[in-house]
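Colleague: I'm new to reading protein models, so could you walk me through this one? Let's put it on the screen and go step by step.

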Amino acid sequence: MLDRFLPYRLAVLANTVSKGIARLYADRFGITIPEWRILAILGAFGAATASEIQGRSAMDKVQVSRAIARLTEAGMIQRTVDAADRRRQTIAMTAEGERVYREIVPLARAREAALLEGFTPEEREMLDRLLDRLQARAAAGETP
């Protein structure tokens with residue numbers, strides 16, 4: 001029963017994929033999965049607040065906060081206080097963070113390609129559409 005339960009299967013798949021990619025960068029760059037997710041978000045979308053990162057990553061507030069602290073200490077990101085609202089901080093990659101990001105992206109893309117090897121272009125497109133639909137339904141709370 002559990003091995004056919006979609007939420008369980010998705011969680012196991014996500015963890016398996018994340019751990020596989022994490023092996024590629026953990027030893028080399030000394031960063032964790034949550035830290036990589038933050039760099040990936042900043043690399044893809046630019047500077048953001050911790051709340052925006054949390055929303056894009058599906059990580060909880062504590063994970064985001066700890067990862068931001070470690071990346072700041074490692075010199076990969078910097079926080080800038082908003083002059084208009086001193087409670088608000090914008091987080092952006094430093095030159096070091098950008099360097100690490102640029103080195104990890106090809107590794108992550110190669111892992112993605114290996115995972116999708118053997119899927120036809122049509123299957124890849126269908127998988128993408130199905131994942132988008134599942135994400136939209138989950139975000140909309142379309143459950144009983």
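Modeller: Sure, let's begin with Glu35, which sits in helix H2. Keep in mind that this is a predicted model, where local features need pLDDT of at least 70, side-chain atom pairs count only at pLDDT 80 or more, and totals for chains, interfaces and linings use all residues. Residues are numbered from 1 along each chain as its sequence is written, and side-chain values use heavy atoms, with hydrogens and water left out.

Colleague: Okay, is Glu35 buried or exposed, and why?

Modeller: The label depends on relative accessible area: buried means under 20%, exposed over 50%, and partly exposed in between, using a 1.4 Å probe and protein chains only. Glu35 has a value of 4%, so Glu35 is buried.

Colleague: Which residues does Glu35 touch, not counting residues up to four places away in sequence?

Modeller: A contact here means heavy atoms within 4.5 Å. With residues up to four places away set aside, Glu35 touches Gly30, Ala67, Arg70 and Leu71.

Colleague: Let's zoom out. What pattern does the chain follow along the sequence?

Modeller: Helices (H or I, at least four residues) and strands (E, at least two) are DSSP runs, numbered from the N terminus. The chain has 6 helices and 2 strands. Read along the sequence, they give α-α-α-α-β-β-α-α.

Colleague: What share of the residues in the chain is buried?

Modeller: The C-alpha atoms fill a box of roughly 50 × 40 × 25 Å along the principal axes. The chain has 144 residues, and the buried share of them is 23%.

Colleague: Which element gives the most to the largest nonpolar core?

Modeller: A nonpolar core is a set of buried Ala, Val, Leu, Ile, Met, Phe, Trp, Tyr and Cys residues joined through side-chain atoms within 4.5 Å. The largest one has 25 residues, and Tyr25, Ile31, Ile38, Leu39, Leu42, Ile53 and Ile77 touch the most other members. Two or more residues come from each of H1, helix H2 (33-45), helix H4 (61-73), strand S2 (89-93) and helix H5 (95-116). The top contributor, with 5 residues, is H2.

Colleague: And which element supplies the largest share of the nonpolar patch?

Modeller: Patches are made of residues with over 30% relative accessible area and no salt bridge (a side-chain nitrogen of Lys or Arg within 4 Å of a carboxyl oxygen of Asp or Glu); like charges are joined within 9 Å, and nonpolar side chains (Val, Leu, Ile, Met, Phe, Trp, Tyr) within 5 Å. This patch is formed by Leu6, Leu10, Phe119, Leu127, Leu131 and Leu134 on the surface. Helix H1 (6-29) and helix H6 (121-140) each supply at least two of its residues, and the largest share, 3 residues, comes from H6.

Colleague: Why does Leu10 count as partly exposed?

Modeller: Leu10 is in helix H1. Leu10 counts as partly exposed because its relative accessibility is 37%.

Colleague: Where is Thr49, and which residues does Thr49 touch beyond four places in sequence?

Modeller: Thr49 lies in the loop between H2 and helix H3 (50-57). Thr49 is buried, at 8% relative accessible area. Not counting residues up to four places away, Thr49 touches Arg88, Gln89 and Ile91.

Colleague: Last one: how far apart in space are Thr72 and Ala92?

Modeller: Thr72 is in helix H4, and Thr72 is partly exposed at 29% relative accessible area. Thr72 and Ala92 are 20 residues apart in sequence, and their C-alpha to C-alpha distance is 9.8 Å.

How values were computed
Areas by Shrake-Rupley, 256 points an atom, 1.4 Å probe, with all protein chains shown as cover.
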